[in-house]
Amino acid sequence: MRAGRDRPLRAADMKKDVRILLVGEPRVGKTSLIMSLVSEEFPEEVPPRAEEITIPADVTPERVPTHIVDYSEAEQSDEQLHQEISQANVICIVYAVNNKHSIDKVTSRWIPLINERTDKDSRLPLILVGNKSDLVEYSSMETILPIMNQYTEIETCVECSAKNLKNISELFYYAQKAVLHPTGPLYCPEEKEMKPACVKALTRIFKISDQDNDGTLNDAELNFFQRICFNTPLAPQALEDVKNVVRKHISDGVADSGLTLKGFLFLHTLFIQRGRHETTWTVLRRFGYDDDLDLTPEYLFPLLKIPPDCTTELNHHAYLFLQSTFDKHDLDRDCALSPDELKDLFKVFPYIPWGPDVNNTVCTNERGWITYQGFLSQWTLTTYLDVQRCLEYLGYLGYSILTEQESQASAITVTRDKKIDLQKKQTQRNVFRCNVIGVKNCGKSGVLQALLGRNLTRQKKIRDDHKSYYAINTVYVYGQEKYLLLHDISESEFLTEAEILCDVVCLVYDVSNPKSFEYCARIFKQHFMDSRIPCLIVAAKSDLHEVKQEYSISPTDFCRKHKMPPPQAFTCNTTDAPSKDIFVKLTTMAMYPEDHYRDRLSRDTGNTDRIENLRKIWVFLKTAFHARLRCMCTCNRCTFCICQNFLNSDLLQSVKNKIFTAVLNRLRARVAEWGAVLLADDEGSVTHQVHAVSSVEDSIFMESSHGPLFLEARHVTQADLKSSTFWLRASFGATVFAVLGFAMYKALLKQR
């Protein structure tokens, strides 16, 4: 670990500028020090007071703009002095080493005056400056040391000479350092040890850097720590030198060739005691700490813009980081975090972020410990519901440091607007929210827990104060892993806008409670009947005796009337884990809501309208095709005439007849297999569709009834025409015919 400062602080880590105020008795050389710094030579004539000097950032060692302010008792009032003290970041109290009176005034006047104008908890750092060291052959440090021990706000003492330019640059460098790297928050001089807040911060940094969680920092971990903090690795010999220094002073500072927490804290104590506390501050600020040793809001809550109608998810890099975090703390390798392992994971947090309800929100093992899948699910839930809290948690874990990213915001994917998904009829989202709605005690909690694979027996063991209104788990749809998030919506007369906002709705009623379905029907009509949010009705507790619902129509008829899937029977009273069929169906509906909406529309039109649309498409294609080839001349030489002759040729008519014959033969074979099923359908619906189909048949084939194919088509039985497969295959045949005709037309045109 380097004591020097090789990595410049980020702009967010340091103050915007440093304001240095020089005070002291008259004629101690305050103005001379400023003018010697600026001109790099001792001034022959010294004014009573120097104007405020601003040193640009690129000139100073710390890369921070610095303002140097002089005070003159002859030209300024006490009120102006008090104002300058309140504006300063650091104050240099100047005395003359050859003037004992000026030294006595340091404690009798200046330090009490400054402390009166500042808060006790936020004392300004002080630098004692002994000027005119060229006039004496002795040092004033023996006199100054007791003063430094008495006042902890004194950072250091510098003896200098404005005439000989001795230690002038060092004076202002130490003043800068006192502001940017103050000793006060880190170290207690009286007890000669680091303060508890500093120990706590460095302990968190150690645990984050200990990537294998073995209690020591090995050479690879030390090199990584050195690189991310100071932008340069340590040579193998330098690493050994660091360990030898620790071994020399404490016995348990190094273990198994790795640096222990005690050794890590000892090194930083040593840096501070030797006046190189900028090393410790560089480490602290790299890990997100401010001057008060609190994690900064900029570190915990980086800027993340989320447009309306967009959701937040973890990306692939975030899941890899969380996977490594889980593996780091799963010491017994049982793919679950025990209470002790979870407590160890949260030691880098200022508080325990997860309560007992989390165990009933995600998957756990038989002992109630959060599994690997449950761990990732809980992070997914937090990201979806409260992304700012997720950013905060990732900051505590050191995501941006360990992954070497700018901030935790790089772990988040903001999905595109849901309207775009509907337009493109596809989604890139991986997390889908389902609001579970129903009356109290209808079985909503059972649905939530069933998603986690828990049957009724396991659900009865859940304490009331540990229940959760959320459940999240993975569901596979067409081979894709997606997260389904269930939210139990409390019963109320009207739902709020937030309670309506979701990807799919699960309306749950109790088959054994005759009053439960009425609420589902009412909520559906109030909020979802005219929306594009897909809905699924679940008949919970299907293992119990089903009673008639006290509603105008049955749940099955209600679903049929509103073009919804039929009620899905569901029960948690199983020996093994409950069935997940309804969760796959819910996730599929959430992934493809446009398909569900289109299905509802298609059911509204009925089979007759569908057949009529097919007839119109056929007539339109036929008319458009012939219109393109219509020609008024009979030259038999132009392109149009050649194509017209080709369309009327016996060869093309024969091809067309064979295509339609093949379609009908195929249809007859299918009818023979399905005849019994088709005849069992509703007679009224069949008759209605058959009449419609017959009229379509006449309108399409009447124009060209001279071939035997069309005579056969007129005698197709009602069962044949019942199947919409016939019209799909007929349309396909017509399409093939059109493509072949156009291909031959292009070939003839090319030859011509």
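Q237 and K248 are exposed on helix α8, on the other side from its buried residues. The model is a predicted one. In α8 the buried positions are L239, V242, K243 and V246. Viewed along the helix axis, the buried residues of α8 fall within an arc of 95°, so they line one face of the helix. An α-helix has 3.6 residues a turn, so residues three or four places apart point the same way. Helix α8 covers residues 236–249, 14 residues in total. The distance from its first C-alpha to its last is 21 Å, close to the 20 Å expected at 1.5 Å a residue.

Helix α21 comprises 13 residues, 516–528. Its span from first to last C-alpha is 18 Å, close to the 18 Å expected at 1.5 Å a residue. Buried residues in α21 include the aromatic side chains of F517, Y519, F524 and F528. S516, C520, A521, I523 and H527 are also buried in α21.

The largest pocket holds about 1200 Å³ of space. Its lining is made up of 41 residues, of which T152, E155, P182, T183 and G184 are the closest to the centre. Two or more lining residues come from each of α4 (141–150), β6 (154–159), α5 (168–180), β7 (187–188) and α9 (261–273). Helix α5 supplies the largest share, four residues. By class, the lining of the largest pocket consists of 19 nonpolar, 10 polar and 12 charged residues.

The second largest pocket has a volume of about 840 Å³. Of its 30 lining residues, G443, K444, S445, G446 and K467 are the closest to the centre. The elements that give two or more residues to this lining are α18 (444–451) and α19 (456–459). Helix α18 gives the most, with five residues. The lining of the second largest pocket divides into 10 nonpolar, 11 polar and nine charged residues.

Three loop residues were examined individually. L186 is located in the loop between α5 and β7. With a relative accessibility of 0%, L186 counts as buried, because the cut-off for burial is under 20%. L186 and T280 are separated by 94 residues in sequence, and their C-alpha atoms are 8.7 Å apart in space.

D309 is a residue other than glycine with a positive phi, near 60°. D309 lies in the loop between α11 (297–300) and β12 (312–314). Its relative accessibility is 43%, so D309 counts as partly exposed. A positive phi, of about 55°, is also found at K541, which is not a glycine. K541 is placed in the loop that runs between β20 (535–540) and α22 (555–561). At 28% relative accessibility, K541 counts as partly exposed.

An unreviewed UniProt entry places the feature "domain: EF-hand" at residues 317–352. In the model this span is 56% helix and 6% strand. The C-alpha atoms at the two ends of residues 317–352 are 24 Å apart.

Technical notes: Residues numbered from 1 in each chain as written. Predicted model: local features only at pLDDT ≥ 70, side-chain atom pairs only at ≥ 80, totals over all residues. Heavy atoms only, no water. UniProt positions renumbered as here; feature names shortened; annotations may be inferred. 1 Å grid on protein atoms, 1.4 Å probe; cavity = no way out; pocket = protein on both sides within 12 Å on 5 of 7 lines; lining within 4 Å. Points joined across faces, edges and corners; volume = space filled by probe spheres on them. Nonpolar A, V, L, I, M, F, W, Y, C, P; charged D, E, K, R; others polar. Expected span 1.5 Å × (residues − 1). Buried < 20%, exposed > 50% of the residue type's maximum accessible area, 1.4 Å probe, protein only. Arc of directions from axis to C-beta.
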